[in-house]
Amino acid sequence: MSVEQAPVQRADFDQVMVPNYSPAAFIPVRGEGSRVWDQSGRELIDFAGGIAVNALGHCHPALVKALTEQANTLWHVSNVFTNEPALRLAHKLVDATFAERAFFCNSGAEANEAAFKLARRVAHDRFGPEKHEIIATVNSFHGRTLFTVSVGGQPKYSDGFGPKITGISHVPYNDLEALKAQISDKTCAVVIEPIQGESGVVPADKAYLEGARKLCDEHNALLIFDEVQTGVGRTGSLYAYQHYGVTPDILTSAKSLGGGFPIGAMLTTTDLAKHLAVGTHGTTYGGNPLACAVACAVLDVVNTPETLAGIKAKHERFKARLEKIGQQSGLFTQVRGVGLLIGCVLSDAWKGKAKDILNAAEKEGVMVLQAGPDVVRFAPSLVVEDADIDEGLARFERAVVKLTQG
Ligand SMILES: *Cc1c(COP(=O)(O)O)cnc(C)c1O
């Protein structure tokens, strides 16, 4: 029996949704690879990737197969029982990383929430309640729960919700001296994004991460890498810590891990994991069979030498063309980032206008992102076809030309 669905439009958003988002004027209804179609049938090239989530583009056959097979098998059992896809996914992550244990949840914020709770629990158990301070970086982003906005280094996200979580300080990013001055024996964890994503696509210096590792060891503090945005191939390595050669104690992953299906993971060692004993933490949906089956398929495709090498090659393709567009238009001064997380830093004349550039790009049929008001961000599918890169950047260039000459 088919049920007639009521037509909906963008205007409905303003009537029935909580107004915490301001979505684009069009509604995407279908996607395939790096192309998306809206309600009117207009086709767009997708360099936004659902904010660094659609690691394999839209409706990748391997993911559709994994999801539909699992949908016909078992959807949910809760953590009163374990399930096969969750165990398979944990094996894959453990085999591919420093980690020996995995905790599954449903988002990046929840993965970080688990990481911060684990770090505090470890310090509490080993050293007592005094050792609970978390050091994070200015402008960092770790999610939108109260703990994660408190740790995040952007007060605009944490102000106005009553008392924040205390025992947290923020030091400038990529500034080892500032971290050195702040860290103490009361520090339980230092949390760093290997590339600051939301606040402008700012890569860490290798020496900074190496120095942070050393300082943490000296002070019995845990090093947490928030790889929610940089993880699962985004940088051309499976995780960015492997690109940098600096190993954290706890790593968080989400976004690309599910390729569009919600899942988050916290990865750590056996020695640390044991502090989250039975009953200390949990979530009903965490390790859901559907999510884990899809994530297994994502890893099977992404974590191959061919895909990872392809990401590095595609980076060069983006960078060369974007630098040319930047030089010719005067729109941006620098193209930075690693792998397929790329930021174009706007020139002084265009500072604060990233949103205008997004809107102009969309009018030419290409979806891009911003990372703060001063950076245009690209986070496309990790397997975006070269022909789609060329066509999408041609559309982007047309948008830039119209914007700068009109
Ligand atoms: C997106 C993001 C988060 C939050 O993930 P959600 O799934 O939105 O909760 C946390 N940290 C970083 C670095 C992110 O980019």
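Here is a walk through this predicted model, from its big sheet to its ligand and a few odd spots. Residues are numbered from 1 along each chain as its sequence is written, and side-chain values use heavy atoms, with hydrogens and water left out. Since we're dealing with a prediction, local features need pLDDT of at least 70 and side-chain atom pairs count only at pLDDT 80 or more, while totals for chains, interfaces and linings use all residues.

Let's start with the sheet of seven strands. It is open, it has mixed pairing, and its order is β4-β12-β11-β10-β7-β5-β6. (Strands are DSSP runs of E with at least two residues, helices are runs of H or I with at least four, and both are numbered from the N terminus; two strands pair if DSSP finds at least two bridges between them.) At the edges stand β4 (101–105) and β6 (168–171); each has a single partner strand, so one side of each has no neighbour in the sheet. On average, neighbouring strands here are turned by 20° against each other, direction ignored; axes for such angles are lines fitted to C-alpha atoms, for helices over the stretch in contact, and angles run from 0 to 180 degrees between N-to-C directions.

Now zoom in on β10, residues 222–226. Strand β7 (residues 187–192) runs parallel to β10, joined by four bridges. V190 has L223 as its bridge partner in β10, and I192 has F225. Strand β11 (residues 250–253) is also parallel to β10, with three bridges between them, and D226 is partnered by T252 in β11.

Is β10 buried or exposed? Five of its five residues are buried, where buried means under 20% relative accessible area, exposed means over 50%, and partly exposed is in between (1.4 Å probe, protein chains only). In a regular strand the side chains alternate between the two faces of the sheet. In β10, L222, I224 and D226 are on one side and L223 and F225 on the other, and all of them are buried.

D226 also takes us to the ligand. Its side chain has an N or O atom 2.7 Å from a nitrogen atom of the ligand, which fits the cut-off for a polar contact: a pair of N or O atoms within 3.5 Å (within protein, one must be able to donate a hydrogen and the other to accept it, and residues adjacent in sequence count only if both atoms are side-chain atoms). The protein buries 82% of the 380 Å² that the ligand exposes when taken alone; these areas come from the Shrake-Rupley method with a 1.4 Å probe, and for residues only the protein chains shown count as cover. The backbone joins in too: a polar backbone atom of G108 is 2.8 Å from a ligand oxygen atom, and a backbone N or O atom of F141 lies 3.2 Å from a ligand nitrogen atom.

Away from the ligand, a second open sheet has four strands in the order β13-β14-β17-β16, with antiparallel pairing. Its edges are β13 (332–338) and β16 (369–370), each with a single partner strand. Two bridges join β16 to β17 (residues 375–378), and Q370 stands opposite V376 in β17.

Finally, two backbone oddities. A52, in helix α2 (residues 49–52), has a positive phi near 60° without being a glycine, and at 0% relative accessibility A52 is buried. N220, in the loop between α9 (206–218) and β10, isn't a glycine either, yet has a positive phi of about 50°. N220 is partly exposed, with a relative accessible area of 46%.
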